[in-house]
Amino acid sequence: MKRSSLVLYLAAWFASIALAFFIGRAPSSTGTSTEQTASKALSATQLQEAVRSAPARVDTAEAATSEVEAAAMFEQLRTQSSAMTRQLLNAALAVPISDPGRSETINQLLEQLAASDPLAALEFADGIASLRDAEQARNNILEVWARNEPMAALAWADSALADVPYNLRNSQMEAIIRGFAETNPKGAFNYANALSEATTSELRLKNRLLSEVIETQIGGGGLAEAQTTIALMPDGPSKENLQRELVNEWAAFDPLSAAAYVQGLGSDASTGMKTALIGEWAESDPAAAAAWLSNLSADDPAYSYATTQITREWTRYDLTASSEWLNSLPASPELDRAVATYTYRAAQEDPPTAMSWAESINNAHMRNRMMQQVAANWKNDDPKGFTSYLDNSDLNEEQREKLETAKSWHSSGHSWGGRR
């Protein structure tokens, strides 16, 4: 057994011992179960502190224990550790749901148990009352299982997930592939790439799993390997989808290199790749993303959407600079969404300027909606200024009435132009 594996299992063991120490200190009472006593005497924070103290205990044990001695200890400790973890899980599940650290503690213990007995860990996860927490716990367990025994986890999935609802099944398959890819990205890719494409749902799952492999591989420092893998794929929708995923992940930490990659593909660079690059880049440096956008023709299908992405991000930090950039672009109907995005942001800080932008929108329906949004903010923040605008405008009576009675989208939960 590798030394790193021994340290992992010893970490689990020492965490269990530490947790048991806390439970052992809990006041006992006649006729009260261990779990009930623990729930009264312990909080999830105490359990977490014990788990987090494990690495220091392992370092001490490793320094004092030879590899041969550790190997001899392993078999004896593994069974005891699993049993102790189950006992601690029962105690953690008995902690009041109101305890803010309860969920995290349960997940830590389930991941610990998953390293030695994933099926038992899954049984515990089934007992979690919150459907959301139970799903997250199962995904964490499956990721740990697949990291250690991918073929066993996949064999389990073939039968256990056969009748599970589509979205839940896909979520758990992604967790398995993610764990698989952490230790064997090539094997995980080959498995996902061999999946059926007979139906739309099967193709969608296949692409999601392949994307998960690429994302995990890049996250682990395997960018060059991921790039090579994708380059060797035959042309088609799956390859194009993975190229988009590659660019999206790459741009998060090195947008210049990702941009060079996209530009190097020339006409083979898809709209999805370009918008993925711009969308990720704009979050960290909208000015640089805007400069690169100038390489695209205004007729490029990615141009309009990318312009909106940049505007959405840039206006969060600098209304003036983003306004100057938008003004520098040739006016066209394709920019309506970007202008609407700017208008929505500016309406909260500079209503007069926002109204002039709203009036420039080509699409009549979009123009009217944005003017009403600006009006709703303006009349509340500066009623005299708003009235002056109405008195000096060329609006007819119907248009004026709509602006005077406009309500802000904030009151009904609406937003414009994206995620924020």
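Tryptophan 378 and tyrosine 389 are both buried, and in this predicted model they offer a convenient place from which to begin reading the structure. A search of the whole structure finds six aromatic pairs, and one of them is formed by tryptophan 378 and tyrosine 389, whose ring centres lie 5.1 Å apart and whose planes make an angle of 35°, an arrangement classed as tilted. The pair links distant parts of the chain, since tryptophan 378 belongs to helix H22, which covers residues 364-381, while tyrosine 389 belongs to helix H23, and the two residues are 11 residues apart. Phe386 joins them, in that Trp378, Phe386 and Tyr389 form one aromatic cluster.

Before following H23 further, it helps to set out the background. The secondary structure of the chain comes to 24 helices and zero strands, and 45% of its 420 residues count as buried. Among contacts between residues at least 6 apart in sequence, 62% join residues at least 24 apart.

Returning to H23, the reader can see how this helix, residues 383-391, meets helix H24, residues 397-404: their axes come within 11 Å and cross at roughly 165°. Because angles over 145 degrees count as roughly antiparallel, H23 is described as roughly antiparallel to H24. The crossing of these two helices, H23 and H24, is right-handed. On the H23 side the contact is made by Phe386, Tyr389, Leu390 and Asp391, and on the H24 side by Arg400, Leu403 and Glu404; sorted by class, the residues of this contact are four nonpolar, no polar and three charged. Tyr389 and Phe386 thus appear in two settings, as members of the aromatic cluster with Trp378 and as residues of H23 that meet H24.

A second helix pair lies elsewhere in the sequence. Helix H14, residues 237-251, packs against helix H15, residues 255-264, at an angle of about 155°, with the axes 7 Å apart, and H14 and H15 are therefore roughly antiparallel to each other. Here H14 passes H15 in a left-handed crossing, whereas the crossing of H23 and H24 is right-handed. The residues that H14 brings to the contact are Gln243, Leu246, Val247, Trp250 and Ala251, and they meet Pro255, Ser257, Ala258, Tyr261 and Val262 in H15. By class, the contact of H14 with H15 has eight nonpolar, two polar and no charged residues, while that of H23 with H24 has four nonpolar, no polar and three charged.

How values were computed: Residues are numbered from 1 along each chain as its sequence is written. This is a predicted model: local features need pLDDT of at least 70, side-chain atom pairs count only at pLDDT 80 or more; totals for chains, interfaces and linings use all residues. Side-chain values use heavy atoms; hydrogens and water are left out. Axes are lines fitted to C-alpha atoms, for helices over the stretch in contact, and angles run from 0 to 180 degrees between N-to-C directions. Helices (H or I, at least four residues) and strands (E, at least two) are DSSP runs, numbered from the N terminus. Angles under 35 degrees count as roughly parallel, over 145 as roughly antiparallel, 65 to 115 as roughly perpendicular and the rest as oblique. A crossing is left-handed if the near helix is turned anticlockwise from the far one by less than a right angle, and right-handed if clockwise. Contact means heavy atoms within 4.5 Å. Ala, Val, Leu, Ile, Met, Phe, Trp, Tyr, Cys and Pro count as nonpolar, Asp, Glu, Lys and Arg as charged, and the others, Gly among them, as polar. Rings of Phe, Tyr and Trp (its six-membered ring) pair if their centres lie within 6.5 Å; planes under 30 degrees apart count as stacked, over 60 as edge-to-face and the rest as tilted. Buried means under 20% relative accessible area, exposed over 50%, partly exposed in between (1.4 Å probe, protein chains only).
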